[in-house]
Each structure stands twice: as C-alpha cells, then as structure tokens.
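User: Could you take a close look at one part of this chain, the surroundings of a single buried side chain and the helices that pack about it, and set it out as one connected account?

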Amino acid sequence: MTAPHPVIPEGACPRIARLYRFQWEEAQQAHVLLYPEGMVKLNQSAGEILKRCTGAHSIPALVADLETTFNASPLDAEVRAFLQMAEAQGWIDWNAPA
C-alpha cells in the first residue's frame, strides 16, 4: 500500500521551505538546495521549477511561465507531480492565497 499523495492547496503559491536555500552553484554547474546537513544538486528541470517557487506565483502562473520560456506544453501535470515530490521531501511549502 502506497502513502497518499499530498494535496496541493487550491490557489496556493509554492515557495522554498525555510530550512533550504536555493542558489546556482558554479562548482556544480547546477542549481542546488543548501541545508544544514548538506546539499541537493538539482537537474535542469527541477532548478527551473524551483527558481519560480517564490511564494508569489500560483501553479498556473508558474506553468505558463515555464511553457513560454521553453516553448513546451503541456507541462501542468509534470510540474504538479514535481511539486508534490518536492513538498514530500520538505523542499517547498505553500504561501496561502490572500
């Protein structure tokens, strides 16, 4: 039996969790998440998604930006799946809509 997937709050805006710092790491030539015990090296897709997780943009806005930037669609399902995984890992949390 698998654990239930976390439910993304309707209208919420993803943001990097307080424990982590997102940045470009020149030595790794990749975006990384730094935390007290170490570092997570991100692939390009994960870096591009997390770069947009500022707490100011809803998932539809984030997806639209990615689709425009990379001239690719549809990306909604993949972005949502990544955000669910990132939340389960503790990398992101949600800024509730106003």
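Analyst: Two residues are taken to be in contact when heavy atoms of theirs lie within 4.5 Å. The model is a predicted one, and the account that follows starts from tryptophan 91 and works outward.

Tryptophan 91 sits in the loop that joins helix H3 (76-89) to strand S5 (92-95). Although the residue belongs to a loop, tryptophan 91 counts as buried, because its relative accessible area is 10% and the cut-off for burial is under 20%. When neighbours within four places in sequence are set aside, the contacts of tryptophan 91 are Arg15, Ile16, Ala17, Tyr20, Leu33, Val40, Leu42, Leu50, Phe82, Met85 and Ala86. One of these partners, tyrosine 20, is 71 residues away in sequence, yet the C-alpha atoms of tyrosine 20 and tryptophan 91 are 6.7 Å apart in space. For the chain as a whole, residues 24 or more positions apart make up 51% of the contacts that have a separation of 6 or more.

The overall order of elements helps to place this loop. The chain holds 3 helices and 5 strands, and from the N terminus on they run β-β-β-β-α-α-α-β. Of its 98 residues, 35% count as buried, while the chain exposes about 6200 Å², of which carbon and sulfur atoms supply 54%.

Helix H3 leads into the loop of tryptophan 91, and two of the contacts listed for tryptophan 91, Phe82 and Ala86, are among the buried residues of H3, which are Val79, Phe82, Leu83 and Ala86. Viewed down the axis of H3, these buried residues fall within an arc of 100°, so they line one face of the helix. On the other side of H3, Ala77 and Ala88 are exposed. The cover over the buried residues of H3 includes S1, H1, H2 and S5. The 14 residues of H3 should span 20 Å at 1.5 Å a residue, and the end C-alpha atoms are in fact 20 Å apart, which agrees. Just after H3, glycine 90 takes a positive phi of about 85°.

Helix H2 (residues 59-70) can be read in a similar manner. Its 12 residues reach 16 Å from the first C-alpha to the last, close to the 16 Å expected at 1.5 Å a residue. In H2, Ile59, Leu62, Val63 and Leu66 are buried; seen down the helix axis, the buried residues of H2 fall within an arc of 95°, so they line one face. Pro60 and Thr68, on the other side of H2, are exposed. The buried residues of H2 pack against strand S1 (13-16), helix H1 (44-51), H3 and S5.

The connection between H2 and H3 has two backbone features to inspect. Most residues other than glycine have a negative phi, and most peptide bonds are trans. Asparagine 71, which follows H2 and is placed in the loop between H2 and H3, has a positive phi near 50° although it is a residue other than glycine. Asparagine 71 counts as exposed, because its relative accessibility is 73% and the cut-off for exposure is over 50%. Further along, the peptide bond from serine 73 to proline 74 is cis, with omega near -5°, and proline 74 is likewise placed in the loop between H2 and H3.

The helices also contribute to an open space. The largest pocket has a volume of about 190 Å³, and its lining consists of Gln44, Ser45, Glu48, Ile49, Leu66, Phe70, Ala72, Leu75, Glu78 and Val79. Each of H1, H2 and H3 supplies at least two residues of this lining, and H1 gives the most, with 4 residues. Two lining residues, Leu66 and Val79, have already appeared, Leu66 as a buried residue of H2 and Val79 as a buried residue of H3.

A second buried residue, histidine 31, lies in strand S3 (residues 30-35). Histidine 31 counts as buried because its relative accessibility is 15%. Not counting residues up to four places away in sequence, histidine 31 touches Phe22, Gln23, Trp24, Val40, Lys41, Leu42, Gly47 and Lys51. Val40 and Leu42, both touched by histidine 31, are also in contact with tryptophan 91. In the loop between strand S2 (21-25) and S3, glutamine 29 shows a positive phi near 55° in a residue other than glycine.

How values were computed. Residues numbered from 1 in each chain as written. Predicted model: local features only at pLDDT ≥ 70, side-chain atom pairs only at ≥ 80, totals over all residues. Heavy atoms only, no water. Buried < 20%, exposed > 50% of the residue type's maximum accessible area, 1.4 Å probe, protein only. Expected span 1.5 Å × (residues − 1). Arc of directions from axis to C-beta. Areas by Shrake-Rupley, 256 points an atom, 1.4 Å probe, with all protein chains shown as cover. 1 Å grid on protein atoms, 1.4 Å probe; cavity = no way out; pocket = protein on both sides within 12 Å on 5 of 7 lines; lining within 4 Å. Points joined across faces, edges and corners; volume = space filled by probe spheres on them.
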